[in-house]
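Got a minute to walk through a model together? Let's take it by questions and answers, beginning with the pocket.

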Amino acid sequence: MKHTQTKKRAKNKATYRSAARLEFYEELSRESLSLADTLRRMRVIAGKTQFEFAALIGIAPRIIIDLERGLGNPTLSTLQKIGTPFGLVLAFRSKTPMRSK
């Protein structure tokens with residue numbers, strides 16, 4: 001019985017994380033998340049603590065802690081490392097739509 005409950009919990013977590021990931025990408029496309037919110041959501045979706053996520057992406061835990069609190073000034077390299085597990089890349093975007101001539 002205990003094994004069955006463990007399997008159900010694991011399946012529920014996987015289902016939750018899958019749904020959370022889809023919602024995250026939708027919100028990201030609407031540009032409605034701050035860096036702190038984005039990082040926190042990515043970490044939670046990955047099912048990691050701040051220390052585990054830092055180890056996963058190869059940065060100091062203090063950086064994750066500070067960024068999730070809205071503090072810090074991450075380097076380009078740090079931002080790239082944060083986005084990599086989710087297939088995200090850094091890019092420049094225009095604030096206003098470009099008009100065609």
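Q: By class, which residues does the lining of the largest pocket have?
A: This is a predicted model, where local features need pLDDT (the predictor's confidence in each residue, from 0 to 100) of at least 70, side-chain atom pairs count only at pLDDT 80 or more, and totals for chains, interfaces and linings use all residues. Residues are numbered from 1 along each chain as its sequence is written, and side-chain values use heavy atoms, with hydrogens and water left out. A pocket here is an open set of points on a 1 Å grid over the protein atoms alone, where a 1.4 Å probe fits, with protein on both sides within 12 Å along at least five of seven lines; lining residues have an atom within 4 Å of a point. With Ala, Val, Leu, Ile, Met, Phe, Trp, Tyr, Cys and Pro taken as nonpolar, Asp, Glu, Lys and Arg as charged, and the others, Gly among them, as polar, the lining comes out as ten nonpolar, six polar and two charged residues.

Q: Which element gives the most to the lining of the largest pocket?
A: The lining has 18 residues, with L28, L88, V89, L90 and A91 nearest the pocket's centre. Helix 1, helix 2 (35-46) and helix 5 (76-83) each give two or more residues; helices are DSSP runs of H or I, at least four residues, numbered from the N terminus. The most, four residues, comes from helix 5.

Q: Where is confidence lowest in the chain?
A: The chain averages a pLDDT of 85, and 85% of the residues score at least 70. Helix 4 (residues 61-68) is at the top with 97, while the lowest mean, 73, belongs to helix 1 (residues 2-29).

Q: Which element gives the largest share of the largest nonpolar core?
A: A nonpolar core is a set of buried (under 20% relative accessible area, 1.4 Å probe, protein chains only) Ala, Val, Leu, Ile, Met, Phe, Trp, Tyr and Cys residues joined through side-chain atoms within 4.5 Å. The largest one has 14 residues, and L39, F53, I57, I59, I64 and I82 have the most contacts inside it. Its largest share, four residues, comes from helix 2.

Q: Is K48 buried, partly exposed or exposed?
A: K48 sits in the loop between helix 2 and helix 3, and it touches R43 and F53 (heavy atoms within 4.5 Å), not counting residues up to four places away in sequence. Exposed would need over 50% and buried under 20%; K48 has 33% relative accessibility, so it counts as partly exposed.
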